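Work through the following exercises with the sequence and the coordinates at hand. Each task is followed by a solution in steps.

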Amino acid sequence: MLVFVIYKIILVLVVFAISLGVAAYSTYAERKVAAFMQDRVGPDRAGPFGLLQPLADGLKMFMKEEIIPTVSNKFLFILGPSLAMLTALMAGVIIPWGGNITMGNTSFPLQITDINIGILYVFGVVSFGVYGIMIGGWASNNKYSLLGALRASSQMISYEIAMGLAIVALVMTTGTLSLGEIVAQQSGTWFNFVYQPLGCLIFIICAFAETNRAPFDLPECETELVGGYHTEYSSMKLGFYLFAEYINMFISSAIIVSLYFGGYNLPFQNLITQYIDGNVLSILQFLCFFTKVLMGIFFFMWVRWTIPRFRYDQLMNLGWKILIPLAIFNILATGVMMYALGKV
Amino acid sequence: MPLSQYLFFFLSFVAVLSALLVILDKNPVHSVLYLIITFFSIAGHFLLLNANFLFIVQIIVYTGAIMVLFLYVIMMLNLNKEIEPHKKNIPKVAAAISAGIFLMSLIALLKGADVNLLPAARNSNIGLLENLGNVLFKEYMLPFEISSLLFLGAMVGAVFLSKKEIN
C-alpha cells in the first residue's frame, strides 16, 4: 500500500514537472518555429541557440510590476488565472504515458489512474476550463476583457458539442471509455485514425478551438480586443494564462495521440516485442509517445503561423453548420459500417 | 466513522452553505459561482454513491454547460446592484409561500417512501456506466426515447422563438 502511494505521488510529480517543462520549452519552440517559417533566426541571445530563453522569460514575468485594477473584484481577479492553470494541469492524470514498468514482482503502469470514464473526465475538465477565462475577463472590469471572455465561452461551448459527437463515433468502434484500454487496443494493429478519419479531423479542429489557438484565437484577438480576456493582467498572472495555453496544447496533443494515433504504441510493435525486455519496451514506448506528442505540438504551431485568424461569424458557422452535421454524419456512417461488417 | 461518512458530511455542508449563499449574495455573478460550487458538491455525492457516470455528467452538463450559459447571460446583461430594479414585497411573499408548500409536499411524498421498492436500488453498482446503459436501453427504452423527443421539441421551440421574422 505504502509503495503504491509513494509510486503514485512520484508519478504525479513527474507528470506535473513534464507538463511544466514542455510548456516552458513550447514557448521557445513557438518562437523558433515562427522564425523558421518567416525566414528569421528567432531568439538566440540567452545561452547556446537561445536555449535559456524560457528561463529569462519566466524571470521577467516574476519581476514585472503586479497591477490589480482598483475597480476590479480582487478575489475573482486572482482566481481567474489560478483556475486556468488548475484545469490545464488536471487532464494529465488519465493519459497513459507508456506500458508497465516491472520492478521485482510488482508492475507499475505509467498512467496515474485509468478510470473507466476516462474520456468523459477529459470533457469535464475541458468544459470547466472556460471558467478561468470567463472569471478573469469579468473581474477585470474592462469591456475588452469582457468581450474576450464572452467570445471564449461561446466558442468553447459550440466546439465542445462537435468534439463530443466526434468521440461518440470512436467509442462506438472501441467499445470503451477508458483511455488506457483504447490505447491498448491499438497495439500491433492499425491506429484509430484509419478507422475514424473524419472523426479524427473533427476532433483535431475542435482541439484547436478549445485551446484558443490560432486560427481560433478570437478571445485574445489583438486587432479587435487589445489583449482579449487578459488585457488587464500583468506579471505572473498574465504568465499563468499564457502558460496554461501551452499546457493545454501539450495535453490536448497527448489526448489526440492517445485516441487516434496509437498512444504509446510503436509502429509495427508486434514484430519486435518478443526480442526485447518489457522494461526496455516501456521506455521505448514512452519515448515514442513523446515524439508523437511533440509532433502534435509542432503541428499546432505550424497551423498558427500558416493560417490567418477566422472572423467571428465564420467561426460560429464552421462550428454549428459544418462540424456538427459532419460529426452526426460520422456517427451514422460508423454505425452503418459496423452493421455491414457484422461488428454489432 | 468511516472516511466516506466524513466526506458525506463535508460535501453536504458545502452544498447547503453554497446553496444558501446563492440566494443571499447580492451580486448575481457571485450567485452563479456559488451555484457552481453547489453542483460540484452534489457531483461529489454521486461519487460517494459509486455512480461515477452520473458524477461526470453532472459536471459536464451542469457546471460545464448550463452554468457557463448562465454566467454568459449575466455578464452580457451586466447586472449590478445599483441598477437592479426594486422589487415589490408581494411577489417575494408569494414566492416564499409557494416554495414552502413545495417543500412540504416533497417531504410528505418522501416520508413513506421505501428505497428498497426500486428494483435498481438493490444493486450498488447501478451507477456504473455499463449497468446504467443496460437499464436505460433495455428496461426503460420507451421513456428514454420519449424524453429525447421532449428535448427536441424544446429545441425547436427555442429556435422558433428566437427567430425575428417568420417566413
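**Exercise 1. Determine what share of chain B is buried, and describe its helices and contacts.**

Step 1. A residue is buried if 20 or more other C-beta atoms lie within 10 Å of its own, exposed if 12 or fewer, and partly exposed in between, with C-beta atoms placed from the backbone. By this criterion, 16% of the 167 residues of chain B count as buried.

Step 2. The model is predicted: local features need pLDDT of at least 70, side-chain atom pairs count only at pLDDT 80 or more, and totals for chains, interfaces and linings use all residues. Residues are numbered from 1 along each chain as its sequence is written, while chains are lettered from A and ligands numbered from 1 in the order in which they are written.

Step 3. Helices (H or I, at least four residues) and strands (E, at least two) are DSSP runs, numbered from the N terminus. Chain B has six helices and zero strands, in the order α-α-α-α-α-α.

Step 4. Two residues are in contact if their C-beta atoms, placed from the backbone, lie within 7 Å. Among the contacts in chain B with a separation of 6 or more, 51% are between residues 24 or more positions apart.

**Exercise 2. Identify the domains of chain B and characterise the contact between them.**

Step 1. Domain bounds come from an automatic or database domain assignment. For chain B the assignment gives domain 1 (1–83) and domain 2 (123–167).

Step 2. Seven residues from domain 1 of chain B and six residues from domain 2 of chain B take part in the contact.

Step 3. On the side of domain 1 of chain B that touches domain 2 of chain B, helix α3 (residues 52–77) of chain B provides the largest share, three residues.

Step 4. Ala, Val, Leu, Ile, Met, Phe, Trp, Tyr, Cys and Pro count as nonpolar, Asp, Glu, Lys and Arg as charged, and the others, Gly among them, as polar. That side of domain 1 of chain B has five nonpolar, two polar and no charged residues.

**Exercise 3. Establish how many residues of chain A and chain B are in contact, and which elements of chain A contribute.**

Step 1. The contact involves 19 residues of chain A and 15 residues of chain B.

Step 2. In chain A, α4 (118–139) and α5 (143–174) each supply at least two residues of the side that touches chain B. The most, nine residues, comes from α4(A).

Step 3. Sorted by class, this side of chain A holds 14 nonpolar, five polar and no charged residues.

Step 4. For the complex, the predictor gives an ipTM of 0.79 and a pTM of 0.85.

**Exercise 4. Describe the overall fold of chain A and its dimensions.**

Step 1. Chain A comprises twelve helices and two strands, which follow the order α-α-α-β-β-α-α-α-α-α-α-α-α-α from the N terminus.

Step 2. The radius of gyration is taken over C-alpha atoms, and the globule rule is 2.2 Å times the number of residues to the power 0.38. For chain A the radius of gyration is 21 Å, close to the 20 Å that the rule gives for 344 residues, so chain A is as compact as a globular protein of that length.

Step 3. The C-alpha trace of chain A spans about 60 × 45 × 45 Å along its principal axes, and 44% of the 344 residues are buried.

Step 4. Of the contacts in chain A between residues at least 6 apart in sequence, 80% join residues at least 24 apart.

**Exercise 5. Analyse the pairing of the two strands of chain A.**

Step 1. Two strands pair if DSSP finds at least two bridges between them. Strand β1 (residues 100–103) and strand β2 (residues 106–109) of chain A run antiparallel and are joined by four bridges.

Step 2. Ile101(A) has Phe108(A) of β2(A) as its bridge partner, and Thr102(A) has Ser107(A).

Step 3. The hairpin of β1(A) and β2(A) has two residues between the strands, and Gly104(A) takes a positive phi near 65 degrees there.

**Exercise 6. Are Pro267(A) and Lys74(A) buried or exposed?**

Step 1. Pro267(A) is placed in the loop between α10 (235–260) and α11 (278–304) of chain A. Pro267(A) is exposed because 10 other C-beta atoms lie within 10 Å.

Step 2. Lys74(A) belongs to helix α3 (residues 74–90) of chain A. With 11 C-beta neighbours inside 10 Å, Lys74(A) is likewise exposed.
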